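The following exercises are to be worked through with the sequence and the structure at hand. Each task is followed by a solution in steps.

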Amino acid sequence: MSLSMLAALPMAEEAASDNSGMALLTIFVLSVFVGFEVISKVSAVLHTPLMSGANAIHGIILVGAIIVAGEAEGALELTLSTLAVVLAAINLVGGFVVTDRMLEMFKPKVSKPVASAEAGEETK
Amino acid sequence: MTPTWVQLANLAAAVMFILALKGLSSPKTARQGVLIGAVGAAVATVVVFFSGIELMNLGLILGGIAIGSLIGAVAARRVQMTQMPQMVALFNGVGGGAAALVSIVEYNNIDEPAIAILAATVFTVIIGSVSFSGSIVTFLKLQELITTRPVIVPGGKYVTSLVAAAVIVVGAWLIAAPSTWLVVTLLLLSLVFGVLFVLPVGGADVPIVISLLNAFTGLSVAAGGFVLGNVLLIIAGTLVGAAGTMLTQLMARAMGRPITNTLFGAFSGTSTAGGGQASDRPVRSGSPQDVAIMLGYASKVILVPGYGLAVAQAQSTLRELADLLAERGIDVDYAIHPVAGRMPGHMNVLLAEANVPYEQLKEMDEVNPEFVDTDVALVVGANDVVNPAAKDDPSAPIYGMPILDVSNAGQVVFLKRSMRPGFAGIENELLFDPKTTLLFGDAKDSLTKVVTGVKGL
């Protein structure tokens, strides 16, 4: 992200009426750290479900799709925004269902302590 | 103005997403994590209808949600566990596509967009489209609708660089002088770049690309949040972008290769195109009865399952064999390579589906020292993860990937369909080793015969 863009963010009143650019930027940066921190140690066993779960979470673009569809006018905008709603809903719902299906299979067994977390670290 | 309670609800949703990722990081809390994430998503979706934004086209919106949810849920329910990776790739791709579309429509709506909004729009369109078309290509590769080996066209490097440069130029131009046809051009160029970006990646590296594209989609959602001024999208998208980047690194490390090598290996020539041909060098093949005898009179056996096992749907038969051997007092373990299957952790899911006890699954670092004391290593449908070329042959595309040391075992048995090389397309020297026995045929069929053989001992 370029500096000129940051400087211009506060002017983005049209879309970001409630939030100043600086506040949005702060949230963005802090989220980066939380994202890194929250999964810094994961067993290889869970790589697939974790990827799939993270995949489901970005399906929340559905909220954005609903907002733009709600203000869409004209055939083109309506088509594109409705398509966005459908695609986002596929991502969101499908993502959570498929992740849950994967994890369902881990359920009844005794899980062993995470062994590969250390393994991952020693290479670094 | 957004009502306070709506903002609080969105904050709650954001916290739930963080808790979801946290939960997914540990086997004990993973399922709970998914549930929390789903609740967060539901809260955020419902709240947007009451957020004070006047929504037109409610029928279309609700209809779209219903259709999308139905497609997503049915696809997710129906997909076989072996095809999970391509399903995740598809879901990821449509998410990226949605983010790009949202930005385009919003861009069209704003009369005089500020530079920052334009920049965020450009970013979302590029990254979202790359994620969309790239994910479609990964899907095609994993589904084996196109070749799994790296696709290298002569001069492809220059074409890709040219398209990348065009994307940047058009993107910058769009920020300087906004126009609708430039947005369309940017969209198309980005889609083409996504295809060119993924095509040269070899089959075994595709999971890493999926993970990377997953992070991309997250970032494009976050940028979409900037365009719309929506805090929740920024938080959720950034979380996924960061977590996805981290996960991509973890996966690349498990495969023993730097991420740049994975992505650009085919360009720099470190990744060979592979033979892909069946070799006609002599090998020792045995009958199911031979294998049954070797296993039945061993004192320690390690089973090495690979993707071929899952394709043949033979997980339960393998477990039956393991149980049978255990009854004879034989020490039996499963050795799970971090990237066994088509995705890190995929094999664990596939074996869990067949009710293999979790404790018997041993990870690579734990099991490798044990091969020395092992009488028989039984490799079922795996190839690349036991290929010594990863250690000995610097020219092999998988060179540097940690492998399971099955060659240290007293005897090695491969259950294979044919002599065709594995997913990475490289020959395995171990197949020609004097202590190796091959049993050709469908994994399920062969295992069933071996089980019968062991029962008859």
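**Exercise 1.** Is the crossing of α2(A) and α9(B) left-handed or right-handed? Describe the packing of these helices and the residues that make the contact.

*Solution.* The model is a predicted one.

Step 1. The crossing of α2(A) and α9(B) is right-handed.

Step 2. The axes of α2(A) and of helix α9 (residues 231-254) of chain B are 7 Å apart, and the packing angle is about 35°.

Step 3. On α2(A), the contact is made by A:L24, A:I27, A:F28, A:S31, A:V32, A:V34, A:G35, A:F36 and A:V38. On α9(B), the partners are B:V231, B:I234, B:I235, B:T238, B:L239, B:G241, B:A242, B:A243 and B:M246.

Step 4. Sorted by class, the residues of this contact are 14 nonpolar and 4 polar, with no charged residue.

**Exercise 2.** Determine how α3(A) and α4(B) are oriented, and which residues meet between them.

*Solution.*

Step 1. Helix α4 (residues 84-109) of chain B packs with α3(A) at an angle of about 20°, and their axes are 10 Å apart.

Step 2. Angles under 35 degrees count as roughly parallel; α3(A) and α4(B) are therefore roughly parallel to each other.

Step 3. The crossing in which α3(A) passes α4(B) is left-handed.

Step 4. From α3(A), the residues A:T48, A:M51, A:S52 and A:N55 meet B:M84, B:V88, B:F91 and B:N92 of α4(B). This contact has 4 nonpolar and 4 polar residues, and no charged ones.

**Exercise 3.** Describe the side of chain A that touches chain B.

*Solution.*

Step 1. Chain A takes part in the contact with 95 residues and chain B with 110 residues.

Step 2. On the side of chain A, the elements that give two or more residues are α1 (3-8), α2 (21-38), α3 (47-57), α4 (61-70), α5 (74-104) and α6 (116-122). The most is given by α5(A), with 26 residues.

Step 3. By class, this side of chain A has 58 nonpolar, 27 polar and 10 charged residues.

**Exercise 4.** Is B:A390 buried or exposed? State its place and its contacts.

*Solution.*

Step 1. B:A390 is in helix α16 (residues 389-392) of chain B.

Step 2. A residue is buried if 20 or more other C-beta atoms lie within 10 Å of its own. B:A390 has 22 C-beta neighbours inside 10 Å and therefore counts as buried.

Step 3. Leaving aside neighbours within four places in sequence, B:A390 is in contact with B:A396, B:I398, B:Y399, B:G400, B:M401 and B:I403.

Step 4. B:F132 is 258 residues from B:A390 along the chain, and their C-alpha atoms are separated by 32 Å.

Definitions and conventions
Residues numbered from 1 in each chain as written. Chains lettered and ligands numbered in written order. Predicted model: local features only at pLDDT ≥ 70, side-chain atom pairs only at ≥ 80, totals over all residues. Helix = DSSP H or I, 4+ residues; strand = E, 2+ residues; numbered from the N terminus. Buried ≥ 20, exposed ≤ 12 C-beta atoms within 10 Å, placed from the backbone. Contact = placed C-beta atoms within 7 Å. Nonpolar A, V, L, I, M, F, W, Y, C, P; charged D, E, K, R; others polar. Axes fitted to C-alpha atoms, helices over the stretch in contact; angles between N-to-C directions. Left-handed = near helix turned anticlockwise from the far one by under 90°. Parallel < 35°, antiparallel > 145°, perpendicular 65-115°, else oblique.
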